[in-house]
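Trainee: I'm new to this one, so could you walk me through it a step at a time?
Mentor: Gladly; have a look at it, and then ask whatever comes to mind.

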Amino acid sequence: MSAIETQPAVQDAAPARPRWQVLLVRPETMTFVLLVLGIFAGGLLSPFFLDINYILKSFTLYAEFAIVALVLTMVIIGGEIDLSPAANMALSACIFAWLQQAGVPIPVAVLIGLASGLVMGTINGLMVIGLQLPSIIVTIGTLTLYRGLAQIIAGDKSIRVPEWFIGVDRIMVAGIPLPVVIFIALAIGLGVVLGGTIFGRQIYQIGTNEVAARHAGIRSARIKFGLFLLVGIVASIAGIMTASRLGSVRYDLGLGGELQMVLMAMLGGTYIFGGRGTILGTFLAAWLLVIVSTGMIVANVLPAVQLVVLGSLLIVSIIATNFIYSRTQR
Amino acid sequence: MSFLATLFRRREAGIAVMIVLFCLAVGIAKPQFLTLDQMRIILLLTPLIMIGAMGQMMVIVARHVDLSIGSTLGVSAMVSGMLYRFDATWLGFDVPWWTGIPLSIVVGALLGLANGVLIQLFRLPAIIVTLGTLSLYRGLTFIISNAKQIDRQWIPSELKGLSQTSPILGIPWIIFIAFGIAILTYVFLMHTRLGRQVYAIGSNPVAAPLRGINVTQVTLLVFTLSGALAGLAGILYASRWGFVNPSNTGSGFEFQVIAAVVIGGVSINGGVGTVLGTVLGVLLLGCVAAALPLLGIPGTSQAAIYGAVILIALLIDRTVRQQGIASLRRARA
């Protein structure tokens with residue numbers, strides 16, 4: 001009798017996993033290893049590749065997407081998804097460029113561009129949280145709508161921005177291009193918020209089990225709405241940064257960017273069904289993606305093959321994270 | 001129950017009324033909209049979307065979504081285009097004009113099957129997988145074509161004839177093909193066991209396997225069919241436009257198709273949707289697309305309209321669902 005009673009207690013007392021094992025199953029570890037491998041492979045391809053300035057310069061091409069991907073990671077951890085930020089970037093950049101061309105002073109045009117990003121975030125938030133519609137399909141709709149509106153505003157022409165506004169990527173802060181600085185600063189800020197504050201932990205709880213989170217007194221609707229607003233405003237900042245980098249704005253600015261953003265989050269080990277993931281993972285994944293993309297450019301790989309590689313990477317990375325999580329669940 | 005509520009109940013009737021009202025409104029502003037010629041233009045705008053929509057509808061009824069069909073269309077059209085272009089070099093003879101039709105369908109079916117395998121066997125969300133394959137298949141199109149367009153002279157004239165010559169009433173073959181596919185889809189979904197199982201899976205994915213439904217088999221079938229229909233749309237694209245371009249062909253197709261399907265009353269939550277509704281949704285989009293140039297609205301605004309249509313349809317869907325729940329509660333009380 002007593003033997004039967006002690007049985008469960010024996011099972012409970014399974015030894016804790018050793019620290020190295022815990023570290024090994026963390027998804028960021030995989031990203032980090034891939035990153036190191038990527039740097040080695042890149043170094044073999046071309047000696048110029050290992051030049052830190054070259055990598056930083058290449059990163060500016062992806063910095064806008066990477067900045068949005070950081071916020072998108074939080075949305076995905078919260079159990080929702082937003083596919084519209086790339087279209088949001090295009091529309092806010094088009095609104096900004098069109099206004100400044102019409103004679104509105106640039107600071108005002110920038111502010112209106114940012115405000116439009118906020119409005120787009122609000123529309124997503126209202127449809128998803130207010131009306132309880134699934135976020136994937138809502139943001140597919142708004143993706144089409146925002147890019148379509150950008151096309152109406154800009155037509156098929158490209159709108160130039162004034163000379164002095166061009167070149168945010170050429171401003172150096174301590175030898176690092178400004179977009180990269182913004183990306184690193186935002187990553188540190190959001191990393192602290194997500195990992196170290198009650199607010200951040202609440203996002204994980206919502207993503208793990210929203211009903212339970214609500215019963216535990218977490219204002220899930222308010223938090224998720226806030227996240228959609230944050231994506232909206234950050235996407236419009238990224239859009240205007242892109243305008244400054246390219247020097248002109250077309251409606252197809254950032255076309256297909258949603259793939260790269262989701263890819264960065266997935267490669268960093270964010271779990272597509274919510275509740276797991278870290279900013280550090282997305283941070284590393286952004287660098288990994290830059291290394292892979294520039295590596296392919298250095299190796300003279302056709303842009304089309306890059307499309308194939310990016311698409312396959314996305315699928316492989318979700319299979320891998322799903323696999324890792326299903327193993328650690330047991 | 002008010003007349004309007006009944007109309008919303010029968011979603012197909014609601015869409016039909018919307019089509020009539022829309023055409024009348026445009027017709028009052030621009031009388032030339034209500035001519036037979038204009039009808040033909042509307043019909044000619046729709047066959048590709050209609051064929052794609054039939055596949056997408058099955059996928060959405062099964063509670064998935066397929067974002068990759070535009071790229072699937074591109075790959076399948078390009079494979080056939082390459083065959084037409086290089087048949088003499090590779091095979092030493094000219095292939096008959098119809099070879100592209102089965103070839104494109106098979107290519108599309110294989111790509112769709114690949115989606116289905118990833119989604120069903122690895123338990124991945126369809127939206128992310130097909131977002132990945134959207135990019136992957138588009139890249140494939142560039143690779144197999146070496147980023148070159150297949151020009152007009154390589155597409156067999158008989159194939160192009162499908163969109164130009166007509167068996168009856170001046171309506172080209174391609175439209176009969178589209179409606180034929182719609183009828184086949186109707187028969188499949190309404191009168192075969194497998195078809196009913198698609199609805200069962202979408203209504204309740206947990207209960208379906210408990211009732212002995214082979215969910216894996218049905219899901220794979222649905223994605224394969226969606227791919228095959230995108231493949232058929234691909235070869236008809238070559239027929240309709242007379243060229244295959246690696247970047248343009250099929251790009252944005254998925255949004256048009258999803259817009260048509262959701263406005264046709266197919267619920268994004270799965271389990272609900274009819275072929276008739278989808279056909280009407282496609283026709284409504286066709287009317288809108290045909291009316292824009294007449295009303296002097298530039299073609300650049302089309303994408304925005306598709307986006308708005310998707311969102312509006314989502315709102316209608318939600319209203320209908322809530323009314324349904326409310327009436328169930330009332331019936332129980």
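Trainee: How many salt bridges are there between chain A and chain B?
Mentor: The count between the two chains is zero, a salt bridge being a side-chain nitrogen of Lys or Arg within 4 Å of a carboxyl oxygen of Asp or Glu. Bear in mind that this is a predicted model, in which local features need pLDDT of at least 70 and side-chain atom pairs count only at pLDDT 80 or more, while totals for chains, interfaces and linings use all residues. Residues are numbered from 1 along each chain as its sequence is written, chains are lettered from A and ligands numbered from 1 in the order in which they are written, and side-chain values use heavy atoms, with hydrogens and water left out.

Trainee: Which helices of chain A supply at least two residues each to the side that touches chain B?
Mentor: They are α7 (135-154), α12 (257-267) and α14 (303-329), where helices are DSSP runs of H or I with at least four residues, numbered from the N terminus. The largest share of that side, 13 residues, comes from α7(A).

Trainee: And what area is buried between the chains?
Mentor: About 3100 Å² is buried between chain A and chain B, with carbon and sulfur atoms giving 86% of it; buried area is the accessible area (1.4 Å probe) that two parts lose on being put together, summed over both. In terms of contact, meaning heavy atoms within 4.5 Å, 37 residues of chain A meet 36 residues of chain B.

Trainee: Back to salt bridges, how many are there over all chains?
Mentor: The rule gives five over all chains. In one of them R245(A) pairs with E64(A), and the closest N and O atoms are 2.9 Å apart. R245(A) lies in helix α11 (residues 220-246) and E64(A) in helix α4 of chain A, so this pair ties together parts that are 181 residues apart in sequence.

Trainee: Are those two buried or exposed?
Mentor: Both R245(A) and E64(A) are buried, where buried means under 20% relative accessible area, exposed over 50%, and partly exposed in between (1.4 Å probe, protein chains only).

Trainee: What does K224(A) form a salt bridge with?
Mentor: K224(A) forms one with E80(A), the closest N and O atoms being 2.7 Å apart, and the side chains of K224(A) and E210(A) also meet in a salt bridge at 2.9 Å, N to O. K224(A) counts as buried because its relative accessibility is 6%, whereas E210(A) is partly exposed at 24%. E80(A), E210(A), R214(A) and K224(A) are linked in a network of salt bridges.

Trainee: New topic: which residues have the most contacts inside the largest nonpolar core?
Mentor: They are F59(A), F96(A), F183(A), V262(A) and W287(A), in a core of 197 residues; such a core is a set of buried Ala, Val, Leu, Ile, Met, Phe, Trp, Tyr and Cys residues joined through side-chain atoms within 4.5 Å. Helix α4 (residues 52-77) of chain A gives the most to this core, with 17 residues.

Trainee: What is F59(A) in contact with?
Mentor: Leaving aside its neighbours within four places in sequence, F59(A) touches A66(A), V180(A), F183(A), A286(A), W287(A) and V290(A).
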